[in-house]
Structures are given as structure tokens and as C-alpha cells.
Amino acid sequence: MSPNGDKAITVALVNNKGGVGKTTTAVSLSTELARGGRKVLLVDLDGQGSASRSLGLDREDLYPGVAEAMLEGLSVRKAIKPSYIPKLDILAGSMNLVSTDVFLADVEKREFVLRKAIEPAVSDYDYIFLDCPTSFGLLTVNALTSADYSILPVTPDYLGFEGLVNLMDAVEKTKDGIGEAAELLGILITMADYRVRVTREIGDMIRERFGRMVFNTEIRTNVRLREAPSYGKSIFDYDIRSHGAEAYSRLAKEVVNRIRQDRLKV
Ligand SMILES: Nc1ncnc2c1ncn2[C@@H]1O[C@H](COP(=O)(O)OP(=O)(O)OP(=O)(O)O)[C@@H](O)[C@H]1O
Ligand SMILES: [Mg+2]
């Protein structure tokens, strides 16, 4: 049974900074948990459809997807597609998401449209991962109100660190403003490249400042992680022996443990 009873645990990957590993992390965690026998839904909230494409969906497979479920009242179960990985389904992202922010602005309870749209599917899964777009717009706010937890991937460089401080602030303000929104599950250092001199220094700064909020597992730069999406495969199918696969497998365990510990508190 899922750690959340008969409802999926929902986790959003959030950072308004681009190219920090949100999609790679959403795809890798989803596939690793599905490989472990969990039933998982990956929701692709990015207009580029990168998460969906990374798992081999063709352009025409992106429709219908999450945009149609949110804005056109299409039943979410009809919009969900299986991926090539057993137990992993996808609610695809497409260009139709690009105008979502604008459309949502006029909708009643606009912060809760995603939550309402995916509600009928929530008991079909153990975990749902939400891959957020780069801007901190209404789609990200919708992800935060739909999720139990957020994970913030950050790159260990100066701008990454600076952005993180603002991002934490924005996530907290969203929570305070709306009343109910995702708890921060953890900060994930991604794309750590120790050939770059500041990596260790900034990594230490992040750990000093945010302490136990930072996952022990760190994702280093790994060429195989960069290559895998071009083949429409998860890192575990593309190169299971890579550092990237090993690190994401460790992260999946840490994520599940953190969620378990958090659930024990209540
Ligand atoms: N650990 C890593 N090592 C090397 N390349 C990586 C790693 N993680 C991700 N990448 C690559 O870096 C690029 C950006 O990663 P990704 O798409 O996951 O970031 P993102 O935060 O989702 O970006 P965006 O904000 O544009 O959606 C991609 O080409 C991805 O394959
Ligand atoms: Mg992305």
C-alpha cells in the first residue's frame, strides 16, 4: 500500500531557474520507483514536453495531456498515457501549456485547477511527480497546491545559490498566501562538477545555510544523464552502471525514507 493510504504521495520538482535538473530528477525518480514496483504518474507541466519526450513519447503523443485536462475539462484518466516502463504513466506536457498561465488568470480558484483535474486519478497511484516549468507562474503555484512535498534542485554555483534563497522565499510565501501547499521535502544539489573550483565551496555554503534540508545524495555531472533523453530512455535503461543511475537510485531511497519519516511524525 502507498505510504499515504489509498492516495498517491505527490511531489513537485520546483525551481524557476532553468536547466537545474528538474526534469531529469522527475523522470529518474519516477522510473526508479516504478522499477521498484510502485505505481507512478509523471505529470509534465512544461510546455516543451521534455519529461514526456525524455521517456520516448512522440510529438503527437503529447495530446491530449495535462493542458487539456486542466483547461478543457477532459477526464484525466483519458489524458493519461502509459510509458514504455511498466507501472509508469504520463500526463504529457505540450505547447498548449504555454497559454495556460494566461487562461488560468480568469478562472475561479485558479490556484487549484490542477489539483481538481488530477483528483480522480490520485487513488490510482502510489506516487505522482510534477515536473514544473521554469517560471514561477500559476502553473508552478498549481503544482505546489497539488503536491504534498516539493523538491528544489539547485546547481552548486553562485547564481544557483542566490536563486535558491529567493525560491525558498517564494515557496514559503505561496504556502502562507494560499494556506495549503507542499511541504519542502528537500534541496537537491545537482550537476555538481568538481572540476569547477567553486563547486565545493558553494556546495558547502548551501549545506551550511540549509542544513538537514539538503539531501545527502548529490547528483554530479554525468554525460550519460545528458545523453539518455535523446534515446527516449530513462538513465536506468540507457546505462544502469553510470554514476547518474547510481546517484538517482540512492536519491530515490532517500526521498522515500524522508517521506516515511515525515509521515511518522503525524
Ligand atoms: N547530472 C547531470 N549531468 C549532466 N547533464 C545533466 C545532468 N542533469 C541534467 N542534465 C542535462 O542538463 C540539461 C538540463 O537538465 P533538465 O532538463 O533536467 O533541467 P530543468 O531544470 O528541467 O530545465 P528547464 O528549466 O529548462 O525545464 C538537460 O540537457 C539534461 O539532460
Ligand atoms: Mg525541465
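## Exercises on a predicted model

T134 is found in the loop between β5 and α7 (helices are DSSP runs of H or I of at least four residues, strands DSSP runs of E of at least two, numbered from the N terminus). This is a predicted model, so local features need pLDDT of at least 70 and side-chain atom pairs count only at pLDDT 80 or more, while totals for chains, interfaces and linings use all residues. Residues are numbered from 1 along each chain as its sequence is written, and chains are lettered from A and ligands numbered from 1 in the order in which they are written.

**Exercise 1.** Work out whether T134 is buried, exposed or partly exposed, and find its contacts.

*Solution.* Start by counting: T134 has 16 other C-beta atoms within 10 Å, so it's partly exposed (20 or more make a residue buried, 12 or fewer exposed, in between partly exposed, with C-beta atoms placed from the backbone). Next, skip its neighbours within four places in sequence, and T134 is in contact with N16 and G18 (contact puts C-beta atoms, placed from the backbone, within 7 Å). Finally, look at V122: it sits 12 residues from T134 along the chain, with 25 Å between their C-alpha atoms.

**Exercise 2.** Do the same for L62: is it buried or exposed?

*Solution.* First find L62 in the loop between α2 (50-54) and α3 (66-71). With 24 other C-beta atoms within 10 Å, L62 is buried. Then list its contacts beyond four places in sequence: G49, S52, L57, A92, G93 and S94. For G49, 13 residues away along the chain, the C-alpha separation from L62 is 7.3 Å.

**Exercise 3.** Trace the sheet, then see which helices lie across β6.

*Solution.* Go strand by strand: the order is β3-β4-β2-β5-β1-β6-β7, an open sheet of 7 strands with mixed pairing (strands pair if DSSP finds at least two bridges between them). At the edges, β3 (81-82) and β7 (183-189) each pair on one side only. Now zoom in on β6 (residues 149-154): 6 bridges join it to β7, and the two run parallel. In that pairing S150 stands opposite L184, and L152 faces I187. Edge strand or not, β7 is mostly covered, with 5 of its 7 residues buried. Last, add the helices. α7 (residues 138-146) lies across β1 (9-13), β5 (127-131) and β6, at about 150° to β1 (axes are lines fitted to C-alpha atoms, for helices over the stretch in contact, with angles from 0 to 180 degrees between N-to-C directions). α8 (residues 158-178) lies across β6 and β7, at about 165° to β6.

**Exercise 4.** Describe the shell around ligand 1, then follow α1 to its contact with α12.

*Solution.* Begin with the 19 residues around ligand 1, of which G18, K22, T23, T24 and R226 come nearest (a residue is near if its C-beta atom, placed from the backbone, lies within 6 Å). By class they split into 5 nonpolar, 11 polar and 3 charged (Ala, Val, Leu, Ile, Met, Phe, Trp, Tyr, Cys and Pro are nonpolar, Asp, Glu, Lys and Arg charged, the others, including Gly, polar). α1 gives the largest share, 3 residues. Next, the axes of α1 and α12 (residues 243-265) come within 9 Å and cross at roughly 75°. The two helices are therefore roughly perpendicular (65 to 115 degrees; under 35 is roughly parallel, over 145 roughly antiparallel, the rest oblique). On the α1 side the contact uses S28, L29, E32 and L33, and on the α12 side Y248, S249, L251, A252 and V255. These divide into 6 nonpolar, 2 polar and 1 charged.

Note on methods
Two residues are in contact if their C-beta atoms, placed from the backbone, lie within 7 Å.
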